[in-house]
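The following exercises concern salt bridges, burial, strand pairing and cavities. Each task is followed by a solution in steps.

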Amino acid sequence: MKIVLLILLFVYVIAFFWILWKSASVWRWYHITLMSLAFLLVIPLLPMTAAVLKSRSEWSRVHVDLSERLERGEQEQQRLKHGDPGDPAGGVGLLALQEQLRSFNREVGRVNRDMVVRNRGPQGIVLAPAPQQQALPEGVPVEEEAEAAPPAGANLPLITPGMVVYAFVEQPWQQSGFTVPTFYLGEFRVEQSTPDSVTVVPNAPLEPGQQQAVNQAGRWALYELVPLDGHDVFVAEGSQSDEDAIFGRVNEELVNSLLGNRVLPKTLQSYLRDGTRAQPDDPPATRWVKVEFTKNYEITVDGQDQRSASDGGAFDSLGQAVDSRLQRTEGDAVSFSAGDQLIVKQEAATTLINEGAAKLVDTYFVRPLNSYRLVLPALRQQIDYLTRQAENLQRQQEVVQEAVTLTTAMQTEGQQRQLNLEKDAAQIGREVAALKAYQQQLEEKLRATKRKMAELYRDNLARERELTAIQQQLTRQIDARVGAAGS
């Protein structure tokens, strides 16, 4: 291209001199001088004009590129702001996320995030907001940064003294660059508070694990209210509800990373199965039923009374809303048409089916939500009770161990005695055998003596009879002789 321009410039110069030569016969000197000066002035303007045209071409391309980028940016801004209806996996828009954030903020109250531990002592734990490091726009020197004006109410305490707050450990979440609560430290009471720090003390005895975390954690989050439980917390981003999962697909990686080694397998499964089809052995409290209305039906959802949640709850004994924030503005009842589908608890579904207003479509497992405001004190009481039981069992174990030791000693002594008794029994057995043998000998001698005595007795009787007969014979002879002598 440059060669072509040089050739054209050369042709232009030759043409200029040729025209000048042809005109020399009729022009004056000043005509030729002015023409030469005009030519000489035009020659330097040619590269300037070329540079301007080239710059204009470059800027035109930049303008087109920026216009396209602006259009894409505006489209991206609209997509980020309102979401992309054609791409459900892309997630909801910024406005919907802001609404969810406002809903979460209403549930947890005021939250003090990124609180770093400044001091730990017997008087309490001193926390202060972490310094905010905000990046300046590119090209803006640090010394030219305008000093931020102090916010309104800068002299007010960070948290109202005397307030009870719920503390959590905060840790960076994967590679996201922001921190999230990962461990519950317990219930704390605000003892002192300044605009830039707060001193808290435990409102109840801490568990050993909590005490260890309190001594080691460097970044805290203080919640005015206990966060509420929900079904959407563990649903994968961009997931949509369908016939197999009424809340959407559960993010198993998130559930396992947060709860995998901290809860019982049965509890973990309840989080992983939340919103899926029910199984025959699921407890009745976890069974929700999808019904389809077979006729037009109307349900009264608002009660006649109106009161705040602090005056006795948001619902009356019939389950109807009495809190004005929950009541409908277009009537007390909700109407359903034939063909409408609704997911309700099993008891309500049974009532609708028995009334002939609906038919069963499907049954789902829905994890019962935890009311941490009630669960945590109950767990505290249960832990205290179990701790006392453990102490009693420990004492009983010590008593039983001592009894076992004594029993073992007695058993050892008894075994030794048994061995001695066995030895004595053996000796006594031998002695008894000897005595029995001696007894048998004596019995044999006794029997022999008795036989001999019987024989002697019989012999004595015979001799007595003989002596008697002799005596009688002698008596007769004496009597006979005496009679003979007297006559």
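R367 is buried, with a relative accessible area of 3%, where buried means under 20% relative accessible area, exposed over 50% and partly exposed in between (1.4 Å probe, protein chains only). The model is predicted, so local features need pLDDT of at least 70 and side-chain atom pairs count only at pLDDT 80 or more, while totals for chains, interfaces and linings use all residues. Residues are numbered from 1 along each chain as its sequence is written, and side-chain values use heavy atoms, with hydrogens and water left out.

**Exercise 1.** Determine which acidic side chain meets R367 in a salt bridge, and where the two residues lie.

*Solution.*
Step 1. Apply the criterion: a side-chain nitrogen of Lys or Arg within 4 Å of a carboxyl oxygen of Asp or Glu.
Step 2. The partner of R367 is D229, with an N to O distance of 2.7 Å.
Step 3. The pair links distant parts of the chain, 138 residues apart: R367 lies in the loop between β11 (358-365) and α8 (372-486), and D229 in the loop between β6 (219-223) and α5 (252-259). Helices (H or I, at least four residues) and strands (E, at least two) are DSSP runs, numbered from the N terminus.
Step 4. D229 is also buried, at 14% relative accessible area.
Step 5. A network of salt bridges links D229, D274 and R367.

**Exercise 2.** Characterise the salt bridges E58–R61 and E76–R79 by distance, location and exposure.

*Solution.*
Step 1. The N to O distance is 1.9 Å for E58 and R61 and 2.3 Å for E76 and R79.
Step 2. E58 and R61 belong to helix α2 (residues 29-82) and are three residues apart, about one turn of the helix. E76 and R79 also lie in helix α2, three residues apart.
Step 3. E58 is partly exposed at 37%, and R61 is partly exposed at 46%.
Step 4. E76 is partly exposed at 33%, as is R79 at 31%.
Step 5. The count by this rule comes to 16 salt bridges.

**Exercise 3.** Describe the largest nonpolar core and the surroundings of L222.

*Solution.*
Step 1. A nonpolar core is a set of buried Ala, Val, Leu, Ile, Met, Phe, Trp, Tyr and Cys residues joined through side-chain atoms within 4.5 Å.
Step 2. The largest such core has 19 residues; those with the most contacts inside it are L127, L185, F188, V198, V200, W220 and L222.
Step 3. Two or more residues each come from β2 (124-129), β3 (164-172), β4 (179-194), β5 (197-202), α4 (208-216) and β6.
Step 4. Leaving aside residues up to four places away in sequence, L222 has contacts (heavy atoms within 4.5 Å) with residues including L127, I159, V165 and V198.

**Exercise 4.** Which residues stand opposite V169 in β4 and in β6?

*Solution.*
Step 1. Two strands pair if DSSP finds at least two bridges between them.
Step 2. β3 pairs in the antiparallel sense with β4 over nine bridges and with β6 over four bridges.
Step 3. V169 stands opposite F183 in β4 and opposite W220 in β6.

**Exercise 5.** What volume does the largest cavity have, and which residues line it?

*Solution.*
Step 1. On a 1 Å grid over the protein atoms alone, a cavity is a set of points where a 1.4 Å probe fits but cannot get out; lining residues have an atom within 4 Å of a point. Grid points are joined across faces, edges and corners, and a volume is the space filled by probe spheres set on the points.
Step 2. There is one cavity of 30 Å³ or more, and the volume of the largest is about 40 Å³.
Step 3. Its lining consists of H231, F234, V235, F247, V250, Y271, D274 and R367.

Notes: 1 Å grid on protein atoms, 1.4 Å probe; cavity = no way out; pocket = protein on both sides within 12 Å on 5 of 7 lines; lining within 4 Å.
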